[in-house]
Structures are given as structure tokens and as C-alpha cells.
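Could you walk me through this protein, step by step? I have the sequence and the structure open, and I would like to know where to look.

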Amino acid sequence: KDQAFAHIKDDDNPCPFIHHDASDNDSYVYPLVQTWTVNMDNTFYAAYDVRAWENLDNFDGFHPDAINAFRHSMVKLFTEEEVRKYHIKCCRMKEKKMNNELVVVGCRRDLVAFLQDPDMAKY
């Protein structure tokens, strides 16, 4: 665990998306939040069903722990006041869409090596 912890925690460059403080000292589980920006314009609203996290009845797929971890990240990035002002929203595509793009999963070291390989630039 100590060796793994050295690869995910960096006190000099803290990451708001990995929650070291959310786990007890004996845990090997650290909440990780995947986040990306979107323009919430008419095109977005035409493609996505958007709900406030408080109104998720019959909106399967949004686990309360995931929503809380996302909220925790937003408070780390901004402030508690701003998060309360803008509220957490959950979005789902209205029509399912197949992702035909390559998805790469792995440890950080391997992903960096993959991205730096000139033969992989096409991806």
C-alpha cells in the first residue's frame, strides 16, 4: 500500500480529483472523479436529460457516493458557496450512442509511455 500511495499522492501538486482524505488509513480505496467541461447550450440540452442531483427519482445510474465525490472535488476546486449556488447536476444522453473510439486503461506510467509513443499519435 505504501508503494502504491506514493504514486497517487503528491503533497506538492495536490489533485482535486483523487480523495485521499476520504479513505481511512487501512483502506486501499480512493474515490476518483472523472471530470470534463461542457458547454450547456441548446445543443447540449437537446442531446442530454439534465437533472439536479436532488431530483434523481427514476434516473438510474447515479450512485450517491459518486455524486458526493464529484461534489467534494468541486468544493476543492472552487468553494462551498459556489457549489451551493450552481448545484450539482446529473446528465444522461437522451439516445444511447456507441463510442467507436479507442479507450485506454492502465497505470499512469504505462499511459504516459503510450501517449509518448509516436506510433500512437494517430489515436
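**A guided walk through the model**

Arg51 is a good place to begin: at 25% relative accessibility, it counts as partly exposed. The cut-offs explain the label, because buried means under 20% relative accessible area and exposed means over 50%, with partly exposed in between. Please keep in mind that you are looking at a predicted model.

Arg51 has a partner, Asp49, and the two form a salt bridge in which the closest N and O atoms are 3.4 Å apart. Asp49 has a relative accessibility of 26%, so Asp49 also counts as partly exposed. A search of the whole structure finds three salt bridges, so let us visit the others after a look at the overall layout.

Now zoom out. The protein chain holds five helices and two strands. If you trace the chain from the N terminus, the elements follow the order α-α-β-α-α-β-α. The chain has 123 residues, and 14% of them count as buried.

Next, find Glu80. The side chain of Glu80 meets that of Arg71 in a salt bridge, with 2.5 Å from N to O. Glu80 also meets the side chain of Arg84 in a salt bridge, this time with 3.5 Å from N to O. How far apart are Glu80 and Arg84 along helix H4? They are four residues apart, which means that about one helical turn separates them. Through shared partners, these salt bridges join Arg71, Glu80 and Arg84 into one network. Are the residues at the two ends of the 2.5 Å bridge buried or exposed? Glu80 counts as partly exposed because its relative accessibility is 31%, and Arg71 is partly exposed too, with a relative accessible area of 21%.

Arg71 leads us to another residue, Val33. In sequence, Val33 and Arg71 are 38 residues apart, while in space their C-alpha atoms are 9.5 Å apart. Val33 is found in the loop between H1 and H2. With a relative accessible area of 10%, Val33 falls under the 20% cut-off and is therefore buried.

Stay with that loop for a moment. Val38 is also found in the loop between helix H1 (2-8) and helix H2 (42-47). Val38 has 41% relative accessibility, so Val38 counts as partly exposed. Together with Trp36, Met40 and Tyr45, Val38 forms a nonpolar patch on the surface. The accessible area of these residues together is about 440 Å².

Trp36 brings us to the last stop, the largest pocket. This pocket has a volume of about 1200 Å³. Of the 28 residues that line it, the closest to the centre are Thr35, Trp36, Phe70, Lys89 and Cys91. Which elements each supply at least two residues of the lining? They are helix H3 (64-77), helix H4 (80-86) and strand S2 (89-93). Strand S2 gives the most, with five residues. Sorted by kind, the lining of the largest pocket has 19 nonpolar residues, six polar ones and three charged ones.

To retrace the walk, go back to Glu80, whose salt bridges share partners in the network with Arg71 and Arg84. Then turn to Trp36, which belongs to the nonpolar surface patch and is also one of the residues closest to the centre of the largest pocket.

Terms used:
Residues numbered from 1 in each chain as written. Predicted model: local features only at pLDDT ≥ 70, side-chain atom pairs only at ≥ 80, totals over all residues. Heavy atoms only, no water. 1 Å grid on protein atoms, 1.4 Å probe; cavity = no way out; pocket = protein on both sides within 12 Å on 5 of 7 lines; lining within 4 Å. Points joined across faces, edges and corners; volume = space filled by probe spheres on them. Nonpolar A, V, L, I, M, F, W, Y, C, P; charged D, E, K, R; others polar. Salt bridge = Lys/Arg side-chain N within 4 Å of Asp/Glu carboxyl O. Buried < 20%, exposed > 50% of the residue type's maximum accessible area, 1.4 Å probe, protein only. Patch = residues over 30% accessible without salt bridge, like charges linked within 9 Å, V, L, I, M, F, W, Y side chains within 5 Å. Areas by Shrake-Rupley, 256 points an atom, 1.4 Å probe, with all protein chains shown as cover.
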